[in-house]
Amino acid sequence: ENQFGEPQKVAVLEHRLSDDHEVALKDMRFSLSTAIGAKFVLQSKRDRSSYIRRQEAIERILSRRSVIPNLVDYFEKNASSPSADIHRVPTDEELDAFDIYDGERRIFSLDDDKRSAFKNIYSTGPIGLLQGPPGTGKTAFIAAFLHFVVTKRGAKNVLLVSQSHEATNTALEGLLTLAEHTGDPIDVVRVGEDGVLSSNIMHVG
């Protein structure tokens, strides 16, 4: 790491010449002088590229060059809320469509807290933040939200992204399950290599 705590590239791993006992390096940036027991982090080209993209995105946000120029203001503690009413608030009758049962077994529903969050996130913008500990239904909430904007409010294209393939897969699985139970067909395309797709969404990859 450099003086700012950022990872610093020192060399490129020559994996064809490396084994369990010896690591071969090439393209050395400078002479290495390290103590016994020093640790290095191996980073793939994909991880490096991802890191650079995230770093550049943060720089654009902080310099107010992002698509939403004042995006950083949403996270300033003392800043006045720049959000505005942009969509009609969903009605309880519309959200009742997500109370889905298989006989007596509840498959999915939006409780009062989720309904309140749903209405707030959809009706105000241009961004929304949903926070909660694991297991509280955030992924299912996302699936319902996607289903709603496409089937009830006429959204033509929705881009779903995540920092992990697993989260994207799970949200899409929930969306497809909802579409199956409600009878509302939804066209989905999952972008990614076969190895990162779950078995339940391989048919849309």
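Colleague: What share of the 205 residues in the protein is buried?

Modeller: This is a predicted model, where local features need pLDDT of at least 70, side-chain atom pairs count only at pLDDT 80 or more, and totals for chains, interfaces and linings use all residues. Residues are numbered from 1 along each chain as its sequence is written, and side-chain values use heavy atoms, leaving out hydrogens and water. Buried means under 20% relative accessible area, with a 1.4 Å probe and protein chains only. By that cut-off, the buried share is 22%.

Colleague: Thanks! Which pattern do the helices and strands follow along the sequence?

Modeller: Helices (H or I, at least four residues) and strands (E, at least two) are DSSP runs, numbered from the N terminus. The protein has 5 helices and 6 strands. Read along the sequence, they give β-β-α-β-α-β-β-α-β-α-α.

Colleague: Why is the protein described as more spread out than a compact globule?

Modeller: The globule rule is 2.2 Å times the number of residues to the power 0.38, and the radius of gyration is taken over C-alpha atoms. For 205 residues the rule gives 17 Å, so the protein is more spread out than a compact globule, with a radius of gyration of 23 Å.

Colleague: Which elements do the buried residues of α4 pack against?

Modeller: Helix α4 covers residues 138–151, and its buried residues include F141, L146 and F148. Contact means heavy atoms within 4.5 Å. The packing partners are α2 (92–95), β5 (105–108), α3 (112–123) and α5 (165–182).

Notes:
Buried < 20%, exposed > 50% of the residue type's maximum accessible area, 1.4 Å probe, protein only. Expected span 1.5 Å × (residues − 1).
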